[in-house]
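Visitor: Please give me a close look at the enclosed spaces in this structure and at what surrounds them. I am new to this, so take it step by step.

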Amino acid sequence: MIKKWWMESIGYQIYPKSFYDANNDGIGDLPGMIEKLDYLNDLGVDLIWIGPIYDSPMDDNGYDVRDFHKIDQMFGSLEDMKKLIEKAHALNIKIVMDYVLNHTSDEHRWFLESRKSEDNPYRDYYIWQHGKIVDGKRVEPTNWGSFFGGSCWRYDALSDSYYMKIFSDKMPDLNWRNPKVRQEMIDVGKWWLDFGVDGFRIDAVSHLDRAPFEDVKNTKEKYPLDWFKFSNLPRVHDYLKELNEKLFSKNDCLTIGEVGGEASLESAVKYAGFESNELSMVFNFDHNWCNNIFDVLDQRELVTDVNRLREVFIKWQEGFKGLGWLPLNWLNHDQPRLMSHYGDFNYFNDSAKMLATTIHMMRGTPFIYQGEEIGMTNYPFKDVSEFNDISSIANYKYELSNGLDEKRALIKASMRSRDNGRTTMQWDDTEYGGFSKVKPWFVTNPNYKSINVKNQLGDQDSILNYYKKLTQLRRFSKYHEVITYGDINFVYKTSTKVISYERFNNDFKLLVINSYSDQEETLSIKNYQVKNIVLSNNDIRFDQDKIYLRPYSAVVLEVEESI
């Protein structure tokens, strides 16, 4: 069996601007991360993914990189980054950075040069086209839509042509067909690995190639968003194999790709199979939307589709069995808060713990998103002016154009807004949740007085301390091997209320049961002999060959097969 250091890790994603503000300017920073490393170490985390901290105009919260070799001054300095790496490594914590391959900022030196003339040496670093003539007028080269709304082409008057940008107008796409671009990005990665980082989360990795520049057909939309024009195209794999050969494999670094664009299981295995020679793992988002969020206008009406959620878990867990390794995560900086999405506010603690158990006991490398470990929730947006995220504003405008009034459009956009995951971390019950002593760059959820780290550290029954139990169980208990590397088999597959699976190896068999019901549920366990209750989030009752589950129960049992 292939074993790598990152298979035995527990990850934690930091959204830099919102984690902790050490210098009290209202923005999270590297010294703040250094100060909180002991907290993360105590949580049981030994792998940190830090969102983009490069020099940036911050049009898209740092994913618009102006200089790959500088730290943006709002976060600190390269010296601060060096101190963070050194302290983290002293605590046996690895550091993973965002590696932005698809685009740069329009203020990047390469793009500024690229605009100057068609014969500029940097012109072919980006995707430039002159457009086409329709009814005597020059228009965009294609009708392709952008992820952030509108056209994926932007007219540039300086060079009288269009550049492609599948995200923000200020984020021109790099031309990966140019070998000079590929070498430049390999050099960037090597520079950071030499600096001391342990790997990369690779942003928008599936978007590195483009289909032929032909219009989307049979559409009534002016700029239809067709993922297949720039997602998961065959040549992307060639680029990643080159990166792996020249960079990743030489440094034993962790590489996690963000694969959107409706990637199939087969495509994901191509990216991150043990034999792919491309990436270590890929994030997918199939399990992030297994409810009715697109159909309702009230968070209280959200219903988790348990069957669909189970099917997604089975698809990826069984599909990767023996072929590759998966990250395990509920959310990241682009999704609603877990508790507002899948949790139940009437059974807050138990549903939070149950959701954590579902993910953390599966096969793969778990990732916690900042604040998830204390049950942070969506922000109660009252006006669109409170949005910071450009895609959330675009979604609001889209809902207005579809006939919703302002109030309902706001609710609709708020429920799935990326801003929910970007509110400031809630450390204690002081003003601004202890994130800063001054007004933060972004909002703090008003429930910080009841939901915060300080309160939960002192409560042995808290969500935070339950997460610690899960991390200790995976990393340091006698069940380490079976949880980390053991096989997985889903059971009770006809239940509409329970997601359950076995984890087993030659030494142990664990039965993991997670109830997604707000009612008491009963399961037959006549096929099992219970040897030990390894972990549970509430009182579990047994009666002969039955187990009685309270609302949102989670239980991990050491079992043997009944004879």
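Guide: A cavity is a set of grid points where a 1.4 Å probe fits but cannot get out, and a residue lines a cavity if one of its atoms lies within 4 Å of such a point. The model you see is predicted. By that rule there are 6 cavities of 30 Å³ or more.

Start with the second largest cavity, which has a volume of about 50 Å³. Its lining consists of Leu 331, Arg 337, Leu 338, Met 339, Ala 352, Glu 372, Gly 375, Met 376 and Tyr 467. Sorted by class, this lining has 6 nonpolar residues, 1 polar residue and 2 charged residues. Gly counts as polar in this sorting, so the polar place belongs to Gly 375. The charged residues are Arg 337 and Glu 372.

One lining residue, Met 376, leads to a place further along the chain, since Met 376 is also in contact with Gln 426. Gln 426 sits in the loop between helix H13 (406-415) and helix H14 (453-457). Is Gln 426 buried or exposed? Gln 426 has a relative accessible area of 0% and is therefore buried, as the limit for that word is under 20%. The side chain of Gln 426 comes to 2.7 Å from the backbone oxygen of Ile 451. Ile 451 is also on the contact list of Gln 426, which leaves out neighbours within four places in sequence. That list further includes Ile 374, Gly 433, Asn 445, Asn 447, Tyr 448, Asn 452 and Val 453.

Now turn to the largest cavity, with a volume of about 140 Å³. It is lined by 14 residues, and those closest to its centre are Asn 284, His 287, Phe 313, Trp 316 and Pro 327. Three elements each supply at least two residues of this lining: strand S13 (281-283), helix H9 (306-319) and strand S14 (327-328). Helix H9 gives the largest share, 4 residues. What classes of residue make up this lining? There are 10 nonpolar and 4 polar residues, and no charged ones.

A pocket differs from a cavity in being open. The second largest pocket holds about 530 Å³ of space. Of its 21 lining residues, Leu 302, Val 303, Gly 343, Asp 344 and Tyr 552 are the closest to its centre. Helix H10 (residues 338-341) gives the most to this lining, with 3 residues. By class, the lining of this pocket comprises 9 nonpolar, 8 polar and 4 charged residues.

Tyr 552, from that central group, is worth a second look. Its place is in the loop between strand S22 (546-549) and strand S23 (554-561). With a relative accessibility of 8%, Tyr 552 counts as buried, because the limit is under 20%. Most residues other than glycine have a negative phi. The phi of Tyr 552, however, is positive, near 60°. Asp 252 also has a positive phi, near 50°, and lies in the loop between helix H7 (235-248) and strand S12 (254-258). At 43% relative accessibility, Asp 252 is partly exposed, because that term covers values between the 20% and 50% limits.

Another positive phi, of about 50°, belongs to Asp 160. Asp 160 is in the turn of a hairpin formed by strands S9 and S10, with 4 residues between the two strands. These strands pair in the antiparallel sense over 4 bridges, and one bridge joins Arg 154 to Tyr 163 in S10. The hairpin belongs to an open sheet of 3 strands in the order S6-S10-S9, with antiparallel pairing. Strand S6 (128-129) and strand S9 (153-156) are at the edges with a single partner strand each, so each has one side without a neighbour in the sheet. S6 pairs with strand S10 (residues 161-164) over 2 bridges. There, Gln 129 has Tyr 162 in S10 as its bridge partner.

Key:
Residues are numbered from 1 along each chain as its sequence is written. This is a predicted model: local features need pLDDT of at least 70, side-chain atom pairs count only at pLDDT 80 or more; totals for chains, interfaces and linings use all residues. Side-chain values use heavy atoms; hydrogens and water are left out. On a 1 Å grid over the protein atoms alone, a cavity is a set of points where a 1.4 Å probe fits but cannot get out, and a pocket is an open set with protein on both sides within 12 Å along at least five of seven lines; lining residues have an atom within 4 Å of a point. Grid points are joined across faces, edges and corners, and a volume is the space filled by probe spheres set on the points. Buried means under 20% relative accessible area, exposed over 50%, partly exposed in between (1.4 Å probe, protein chains only). A polar contact is a pair of N or O atoms within 3.5 Å; within protein, one must be able to donate a hydrogen and the other to accept it, and residues adjacent in sequence count only if both atoms are side-chain atoms. Contact means heavy atoms within 4.5 Å. Two strands pair if DSSP finds at least two bridges between them.
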